[in-house]
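Biologist: Could you take me on a close look at the start of the chain and what it packs and pairs with? I would also like to see how that part sits within the whole.

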Amino acid sequence: MLTLEFSQPTRPLSVNEANRLHWAARKRRLDDWGMAVLAEWCALRPLPEVGRPVSIQVTLTFPRAGRRDPHNYTGTNVKRIIDTLVRACRLIPDDTAEWVTVLDPIIRVAPDNLCRVVITPQEAT
């Protein structure tokens, strides 16, 4: 199991909010998340084994309690995190079901603004 933990660069972006944003504003918000994941990955020493199917679970943090649907963040922040792990970090060759199982995100309320990405190697199918 591998855990990446980093300070969230922006407030997590729900699908509902993303649909209301101009595409360029949405891209800027999510690009910041990709850069944060890449920076944390590059800081790992030694680099973890790559090329095995994995399951990934992301914990997103909010400063205040509220009603939030975890699935609303799967198509935005969670997707950008996984895309970065595939394209930039080369953790796995693709983000298809053959290579990655995406677990429901966890919504956490805390003042620390941390995002946690737990990557668990799976047996090849």
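Modeller: Happily; I will begin with the whole, go on to the opening strand, and then follow the contacts outward. This is a predicted model, in which local features need pLDDT of at least 70 and side-chain atom pairs count only at pLDDT 80 or more, while totals for chains, interfaces and linings use all residues. Residues are numbered from 1 along each chain as its sequence is written, and side-chain values use heavy atoms, with hydrogens and water left out.

The protein has 3 helices and 5 strands, and from the N terminus on they run β-α-α-β-α-β-β-β. Helices (H or I, at least four residues) and strands (E, at least two) are DSSP runs, numbered from the N terminus. The C-alpha atoms fill a box of roughly 35 × 30 × 25 Å along the principal axes. The radius of gyration is 14 Å, which agrees with the value near 14 Å for a compact globule of 125 residues; it is taken over C-alpha atoms, and the globule rule is 2.2 Å times the number of residues to the power 0.38. Of the contacts with a separation of 6 or more, 82% are between residues 24 or more positions apart, a contact being heavy atoms within 4.5 Å. Buried residues make up 39% of the 125; buried means under 20% relative accessible area, exposed over 50% and partly exposed in between, with a 1.4 Å probe and protein chains only.

Now to the part you asked for. In a regular strand the side chains alternate between the two faces of the sheet. In β1, Leu 2, Leu 4 and Phe 6 form the covered face, whereas Thr 3, Glu 5 and Ser 7 form the uncovered one. Strand β1 runs antiparallel to β5 (residues 114-121), and 6 bridges join the two; strands pair if DSSP finds at least two bridges between them. Glu 5, for one, has Arg 116 of β5 as its bridge partner.

What does the covered face meet? The structure holds 2 aromatic pairs. One of them joins Phe 6 and Trp 33 edge-to-face, at 6.1 Å centre to centre and 80° between the planes. This pair links distant parts of the chain, with Phe 6 in β1 (residues 2-7) and Trp 33 in helix α2 (residues 23-42), 27 residues apart. Rings of Phe, Tyr and Trp (its six-membered ring) pair if their centres lie within 6.5 Å; planes under 30 degrees apart count as stacked, over 60 as edge-to-face and the rest as tilted. Both Phe 6 and Trp 33 are buried.

Helix α2 also takes part in charged contacts. The structure holds 8 salt bridges, each a side-chain nitrogen of Lys or Arg within 4 Å of a carboxyl oxygen of Asp or Glu. Arg 11 and Glu 17 form one of them, with their closest N and O atoms 2.9 Å apart. Glu 17 forms another with Arg 29, at 3.2 Å between the closest N and O atoms. That second pair links distant parts of the chain, from Glu 17 in helix α1 (residues 15-20) to Arg 29 in α2, 12 residues apart. Glu 17 is buried because its relative accessible area is 16%, and Arg 29 is buried at 17%, whereas Arg 11 counts as partly exposed at 47%. Further along the helix, Asp 31 meets Arg 80 in a salt bridge of 2.4 Å, N to O. Here too distant parts are linked: Asp 31 is in α2 and Arg 80 in helix α3 (residues 74-87), 49 residues apart. Asp 31 counts as partly exposed, at 27% relative accessibility. As for shared partners, Arg 11, Glu 17 and Arg 29 are joined into one network of salt bridges.

For the setting, let us turn to β2. In this strand (residues 54-62), 8 of the 9 residues are buried, so β2 is largely enclosed by the rest of the structure. It runs parallel to β3 (residues 100-102), joined by 3 bridges, and Val 54 stands opposite Val 100. Arg 68 lies over the face of Phe 62, at 3.9 Å from the ring centre; a charge sits over a ring if NZ of Lys or CZ of Arg is within 6 Å of the ring centre and within 35 degrees of the ring normal.
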